[in-house]
Amino acid sequence: MNELATMMFACSIFFTLLVAPDLFAEMIADNPESLYVGYIAIVGSQQNLAFISLGVGVIIFSSFFTKNYTLRIMTNIAGITYTTFITASYVFDYPNLVLGLLVVMIIWQIHETYQLIDESEDEKAKKILVNSLKEN
């Protein structure tokens, strides 16, 4: 379920940046010390962040159709990294309700990732048990 929330969040960031192509430039003009300067330094441009957001959304959407635990865990880690990166701006620029929601979302993502790891290990244990019973 956290994948759906992360995908929708990434897509909302993509559409926001698509609709407001000068958003970062305006924020930097208002406050040259803002975190958006760091965003530009890391990702290159606002357009790059929009495409990263779209890419994260597409990767997460594609993970809905697989049972491969490793792929799903890696997708969750990408979602956690992406959400944490975006949440950083709320910590420094917009300490409001959205920050609280995003922190809860990150905790939820981490919890769900640990559950996927547990399911993966349980599945491996079942396979080992079945194989050992077949041999006897």
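Is Gly38 buried, partly exposed or exposed, and what relative accessibility does Gly38 have? In this predicted model, Gly38 has a relative accessibility of 29% and therefore counts as partly exposed, since the buried class holds values under 20% and the exposed class values over 50%. Gly38 belongs to helix 3, a helix that covers residues 35-43. Along the chain, Gly38 and Ile128 are 90 residues apart, and in space a distance of 48 Å separates their C-alpha atoms.

The packing of helix 3 can be described next. Helix 3 packs with helix 4 at an angle of about 70 degrees, and the axes of the two helices are 8 Å apart. Helix 3 and helix 4 are therefore roughly perpendicular to each other, because angles of 65 to 115 degrees are placed in that class. On the side of helix 3, the contact is made by Tyr39, Ile40 and Val43, while helix 4 contributes Gln46, Asn48, Leu49 and Ile52.

Leu49, which is found in helix 4, has a relative accessibility of 2% and so counts as buried. When neighbours within four places in sequence are left aside, the residues in contact with Leu49 are Leu17, Phe24, Tyr39, Val43, Phe85 and Ile86. Two of these names, Tyr39 and Val43, also appear on the helix 3 side of the contact between helix 3 and helix 4. The distance from Leu49 to His111, taken from C-alpha to C-alpha, is 26 Å, and the two residues are 62 residues apart in sequence.

Ser63 likewise lies in helix 4, and with a relative accessible area of 6% Ser63 is buried. Apart from neighbours within four places in sequence, Ser63 is in contact with Glu3, Arg72 and Thr75. Of these partners, Thr75 is placed in helix 5, the helix that spans residues 69-92. Thr75 counts as buried, because its relative accessibility is 4%, and, with residues up to four places away in sequence not counted, Thr75 touches Ile59 and Ile60 as well as Ser63. Between the C-alpha atoms of Thr75 and Asn2 there is a distance of 11 Å, although 73 residues separate Thr75 and Asn2 in sequence.

Asn76, also placed in helix 5, is buried, with a relative accessible area of 4%. If neighbours within four places in sequence are again left aside, Asn76 is in contact with Asn2 and Glu3, and also with Glu112, Thr113 and Leu116. Glu3 is thus named among the contacts of Ser63 and among those of Asn76.

The description now turns to the surface. In the loop between helix 4 (46-63) and helix 5 (69-92) lies Phe65, a residue that is exposed, with a relative accessible area of 65%. Phe65 takes part in a nonpolar patch on the surface, which is formed together with Leu4, Met8, Phe61 and Phe64. Taken together, the residues of this patch have about 520 Å² of accessible area.

Charged side chains can be considered last. A search of the whole structure finds 1 salt bridge, in which the side chains of Glu121 and Lys124 meet, with a distance of 3.3 Å from N to O. Both residues lie in helix 6, which covers residues 97-135, and Glu121 and Lys124 are 3 residues apart, about one turn of the helix. The relative accessibility of Glu121 is 43%, so Glu121 counts as partly exposed, and Lys124, at 46%, counts as partly exposed as well.

Definitions and conventions: Residues are numbered from 1 along each chain as its sequence is written. This is a predicted model: local features need pLDDT of at least 70, side-chain atom pairs count only at pLDDT 80 or more; totals for chains, interfaces and linings use all residues. Side-chain values use heavy atoms; hydrogens and water are left out. Patches are made of residues with over 30% relative accessible area and no salt bridge: like charges are joined within 9 Å, nonpolar side chains (Val, Leu, Ile, Met, Phe, Trp, Tyr) within 5 Å. Accessible areas come from the Shrake-Rupley method with a 1.4 Å probe; for residues, only the protein chains shown count as cover. A salt bridge is a side-chain nitrogen of Lys or Arg within 4 Å of a carboxyl oxygen of Asp or Glu. Helices (H or I, at least four residues) and strands (E, at least two) are DSSP runs, numbered from the N terminus. Buried means under 20% relative accessible area, exposed over 50%, partly exposed in between (1.4 Å probe, protein chains only). Axes are lines fitted to C-alpha atoms, for helices over the stretch in contact, and angles run from 0 to 180 degrees between N-to-C directions. Angles under 35 degrees count as roughly parallel, over 145 as roughly antiparallel, 65 to 115 as roughly perpendicular and the rest as oblique. Contact means heavy atoms within 4.5 Å.
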